[in-house]
Amino acid sequence: MYFDENCAARGYRLVGDVDYVACAERAAFITPVPGGVGPMTVVMLMRNTLESAKRFFNIPAQVDLESARFISDFEQPEDRKNPVDFVIREDVEGFLVAGVSQKPCAKTKKSVYPSDIEVSRTQTPKPISRLAGEIGILPSEYSLYGKYKAKVSLDLEKRLSSAELGSYVVVTGITPTPLGEGKSTTTVGLSQALCAHLARNTFACLRQPSQGVTFGIKGGAAGGGYSQVIPMEEFNLHLTGDIHAITAANNLLAAAIDTRMLHENNNQDDKLLYKRLVPEVKGQRKFNQCQLRRLERLAICKTQPEDLTDDEIRHFCRLDIDPDSITWNRVLDTNDRHLRKIMIGLGDAEKGNSREAQFDIAVASELMAILALSSDLDDMRNRVRRIVIGYNKHSGQPVTADDLFVSDSLTVLLKDTVEPTLMQTVEGSPVFVHAGPFANIAHGNSSIIADRLALKLVGPRGFCVTEAGFGADIGMEKFFNIKCRTSGLKPNLAVIVASVRALKMHGGAPKVSPGQILPKEYSTQNVKMVEAGFSNLAKQIENARLFGVPVVVALNRFESDTVEELEAVQRLARGAGAFDAVICEHFAKGGLGAVQLGEAVIRASALPSSFKCLYELNIPIEEKIRTIACKIYGAKDVSLSEAAKKAAEKYESLGLSNLPICMAKTHLSLSHEPDVKGAPQGFVLPIRAMRLSYGAGFIYPLVGTISTMPGLTTRPCFVDIVIDPMSKQIDGLF
């Protein structure tokens, strides 16, 4: 500001100070200087700081470093091609991650690696507010959840509405062993390689793990080794509460269904039921907004409660839900096989309104799929209103969540879930964690919102690396046919994760069981067995190419793999149509172990993509199912049970059939039989039932004996999970 001063030559003096609150968001230190600092001094200090940083990182002088943005418009000089040779100092600001800041754990012997949680604890995450600033997210655009997590507001997308998109990469896999082949680890490792080692703005987008997985069989889903999301305890346990919100909303809708049936059964007088649904308040009766929407669906063009006829009152009040048609189940985020079939309404107060029901795992809820496929809160609200929970026992018409007058309350419970959670990898590169639908019993992909934000933040030379659950026949197929069709985003390429271990399983090696020692066939060289099992990888490469995108194979290296086995897979993969097949060691080496994969991805992303969906929406439901079964799984035909046929006929008669298909199928085989490995052909795929997820926007056939509520093994992971009450340190996650 200008300050009048008579003794000054010009009669005034320029004075001022920094805006401490605003500067504290950017500056590592603010040093008070007695007497103040003139503007020229400040400018010179800033310029010297910038020039010093450029010299430190060997960045060409002409490069323009934009404040609080990714810096990707430069190539690494030849003398810095091995980024592990140096480590970024903690006092250097900016997302200029040309090196890694991880602190390796000591290995007790060559064959023993530290556990994931040990690796996570050796890393010191940067405050998430600092990461947000580095990638261009303003303080007003996120809400902190502790030091290392933040919910990102959708206001960010409005600000970036005109931003150019980066390259879109989906990470999928071959049909896995029950142990998994490292798809999440590859997603993180690849993003670290691109971001921290190849100077490309990169976001990883992952699903939130279910606690069923954490306490059941896997013990965590944050990636692994030196390619994981940290802090991994926070990632695996609760995160920011989205799954809990979905559980609460799902079960509120379930309670509304049974309560409405109870009151309709107990109130035989239509006018008494009407009086209770539209009560008099302060001498007035008034329809609320959801009730007005129901009147509109019933084609009753009236807005005053007193104007309805007796017949209109009956149609308004009585949903007459057929108990046998209810498809909405209660959910719980715990694996519990004893809830697969239950009886409810057995208490005296329920007056005999009992029925058979079941629980699903929380991430199988249609609300989770709605979250993953919504574009914003308004879109979510409209999808929630459209949820079909059952059918009228007289007319056969669908009954929706909006008919129960509960849809907007569900949206209130879900309002914060639309914001993705910002976290970071071991090497400090950014991650969006959002939504968590399973791939075998739902569509198995993280949210459209997270991917879209990431694509805008990274810019045209950057990458959004998003994971699709389980094998390419399940997660990738649904990514293309459901997620990309809904979002309108076009992927540039697919990365298919494979391992020698999985190929041996497909080639005839003994069964793999979690918690048991691997049979010797998996630790001894057998190139012929690997070649025999390659049929599965070949089929998954073919599946990806059906959608018109290039394919890069990421071959995760295990310690027992031999050079001959690995080279055989590379040769066969390239021969089967893969753009490249790269050996990866990101589990042990972090981003450095996936640099070659990152380079292959950069080259493949420059190729033209002729992405297309596998089928049109306007063909019959059975034909869409047959297309997926024959082209993706290798089946000869499909066989629909009578129940499935009736469901398909109902959806078509109601005009609800122009939706994509979301197959609920085992992830352990291309077929419906988990023990059938390799690439089976000529089988008939049985469809035992069919359900409608009209809110999410798909129809899902249930294949074979797939269950929507997992069970626990004899010795689940929860046996080993403990906490120190003093330090609050958790052990047992891995």
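**Packing of helix H24 and selected contacts in the predicted model**

The buried residues of H24 pack against strand S15 (388-391), helix H23 (621-633) and the strands S23, S24 and S25. These residues are Ala 644, Ala 647, Ala 648 and Tyr 651. They lie on the same side of H24, because the arc that they cover around the axis is only 100 degrees. On the other side of the helix, the exposed residues are Glu 642, Lys 646, Glu 649 and Ser 653. The structure described here is a predicted model.

The length of H24 was compared with the expected helical rise. With 12 residues at 1.5 Å a residue, H24 should span 16 Å, and the C-alpha atoms at its ends are 16 Å apart, so the two values agree. After the helix comes Gly 655, which has a positive phi near 75 degrees.

Three of the elements contacted by H24 belong to one sheet. This sheet is open, consists of 3 strands in the order S23-S24-S25, and has mixed pairing. Strand S23 (637-640) and strand S25 (698-703) form its edges, each pairing on one side only. From one strand to the next, the twist averages 50 degrees. Strand S24 (residues 684-693) runs parallel to S23 and is joined to it by 4 bridges. Within this part of the sheet, Ser 639 is placed opposite Pro 686 of S24. Helix H24 (residues 642-653) packs on the sheet and touches S23, S24 and S25, its direction making about 45 degrees with that of S24.

Over the whole protein, the secondary structure amounts to 24 helices and 27 strands. Buried residues account for 54% of the 734 residues of the protein. Contacts between residues at least 6 apart in sequence were also examined, and 73% of them join residues at least 24 apart.

A loop residue illustrates such contacts. Leu 239 is situated in the loop between helix H8 (232-236) and helix H9 (242-266). The relative accessible area of Leu 239 is 9%, which is under 20%, so this residue counts as buried. When neighbours within four places in sequence are left aside, Leu 239 is in contact with Lys 149, Gln 208, Glu 234, Thr 421, Met 423 and Val 433. The C-alpha atoms of Leu 239 and Ala 150 are 9.9 Å apart, while the two residues are separated by 89 residues in sequence.

Charged side chains were considered next. The search of the whole structure identifies 41 salt bridges. One of them pairs the side chains of Glu 233 and Arg 121, at 3.7 Å from N to O. This pair links distant parts of the chain, since Glu 233 belongs to helix H8 and Arg 121 to helix H3 (residues 116-122), with the two positions 112 residues apart in sequence. Glu 233 has a relative accessible area of 18% and is therefore buried, whereas Arg 121, at 29%, counts as partly exposed.

A second salt bridge connects Asp 320 with Arg 314, and their closest N and O atoms are 3.9 Å apart. Asp 320 is classed as buried at 12% relative accessibility. Its partner Arg 314 has a relative accessible area of 33% and is partly exposed.

A third salt bridge brings together the side chains of Arg 603 and Asp 580, with an N to O distance of 3.1 Å. Distant parts of the chain are again linked, as Arg 603 lies in helix H22 (residues 595-605) and Asp 580 in strand S22 (residues 580-584), 23 residues apart. The relative accessibility of Arg 603 is 43%, so that residue counts as partly exposed. Asp 580 counts as buried, with a relative accessibility of 11%. Salt bridges with shared partners also join Arg 293, Arg 294, Arg 297, Arg 385, Asp 402, Asp 403 and Asp 408 into one network.

Terms used: Residues are numbered from 1 along each chain as its sequence is written. This is a predicted model: local features need pLDDT of at least 70, side-chain atom pairs count only at pLDDT 80 or more; totals for chains, interfaces and linings use all residues. Side-chain values use heavy atoms; hydrogens and water are left out. Two strands pair if DSSP finds at least two bridges between them. Axes are lines fitted to C-alpha atoms, for helices over the stretch in contact, and angles run from 0 to 180 degrees between N-to-C directions. Contact means heavy atoms within 4.5 Å. The expected span of a helix is 1.5 Å times one less than its number of residues. Buried means under 20% relative accessible area, exposed over 50%, partly exposed in between (1.4 Å probe, protein chains only). The arc is that of the directions from the helix axis to the C-beta atoms. A salt bridge is a side-chain nitrogen of Lys or Arg within 4 Å of a carboxyl oxygen of Asp or Glu.
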